[in-house]
Amino acid sequence: MARILVTGARRGIGREITLTLARAGHEVVATMRDTSGSDLADIAAQEGLAISLAALDVDDDASVAALFAQAGMASVDVLINNAGILSINALEDESMAMIQAVMNTNFFGPVRCMKAVVPAMRERRQGLIINLSSIAGRMAVFSHSAYGPSRCLVPRFDGADLMWSGALPLSSICR
């Protein structure tokens, strides 16, 4: 079975992805900014699932570097970039700080993580990267002045280098 790293696994889609994959027999590294308060370790213990929790802030270069420098982390079989934040505001009501925060998490976060795993995947000529996006990135939504564009960029960016090399399969999934 595969070793899979999921970003943004504390709650929501990331949590459900983690549980579904672990219940299917995969070893899952569930990452989140703060592991305290997550119920995944308790569920893993109760059900005998191979889930390990790891602190990861996809906004922070040092946090990403530290996690992927740990033994075996850069050589995961599958990276699922799920972490994201949502801000619901019209453009004129959104602060530049929030627009930058949304872009940092939703776009640059996946880029940081891809950069961390791609070298080992290329070397093995094996691996899969799945970037979760959003339908909000494909349509103009009045209140998604930062969120839509941040999610729109991921599927346009993720395959530019990797698909041309023919080395790695990539998927962008709209949620």
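In what follows, an axis is a line fitted to C-alpha atoms, for helices over the stretch in contact, and the angle between two axes is taken between their N-to-C directions. The model shown here is a predicted one.

A first feature to look at is a pair of helices. Helix α1, which spans residues 12-23, packs with helix α2, residues 40-47, at an angle of about 20°, and their axes lie 12 Å apart. Since angles under 35 degrees count as roughly parallel, α1 and α2 are therefore roughly parallel to each other. The crossing in which α1 passes α2 is right-handed. On the side of α1, the residues that take part are Arg15, Thr18, Leu19 and Arg23, and they meet Leu40, Ile43 and Glu47 of α2. Sorted by class, this contact of α1 with α2 holds 3 nonpolar residues, 1 polar residue and 3 charged residues.

Helix α1 also leads to a second feature, because it gives the most to the lining of the largest pocket, with 3 residues. This largest pocket has a volume of about 520 Å³. It is lined by 23 residues, of which Gly8, Arg11, Ala83, Gly84 and Ile85 are the closest to its centre. The elements that give two or more residues to this lining are α1, β2 (27-32) and α5 (147-157). Taken by class, the residues of the lining of the largest pocket divide into 8 nonpolar, 8 polar and 7 charged.

Helix α1 thus appears in both parts of this account, as a partner that packs with α2 and as a contributor to the lining of the largest pocket.

Note on methods: Residues numbered from 1 in each chain as written. Predicted model: local features only at pLDDT ≥ 70, side-chain atom pairs only at ≥ 80, totals over all residues. Heavy atoms only, no water. Axes fitted to C-alpha atoms, helices over the stretch in contact; angles between N-to-C directions. Helix = DSSP H or I, 4+ residues; strand = E, 2+ residues; numbered from the N terminus. Parallel < 35°, antiparallel > 145°, perpendicular 65-115°, else oblique. Left-handed = near helix turned anticlockwise from the far one by under 90°. Contact = heavy atoms within 4.5 Å. Nonpolar A, V, L, I, M, F, W, Y, C, P; charged D, E, K, R; others polar. 1 Å grid on protein atoms, 1.4 Å probe; cavity = no way out; pocket = protein on both sides within 12 Å on 5 of 7 lines; lining within 4 Å. Points joined across faces, edges and corners; volume = space filled by probe spheres on them.
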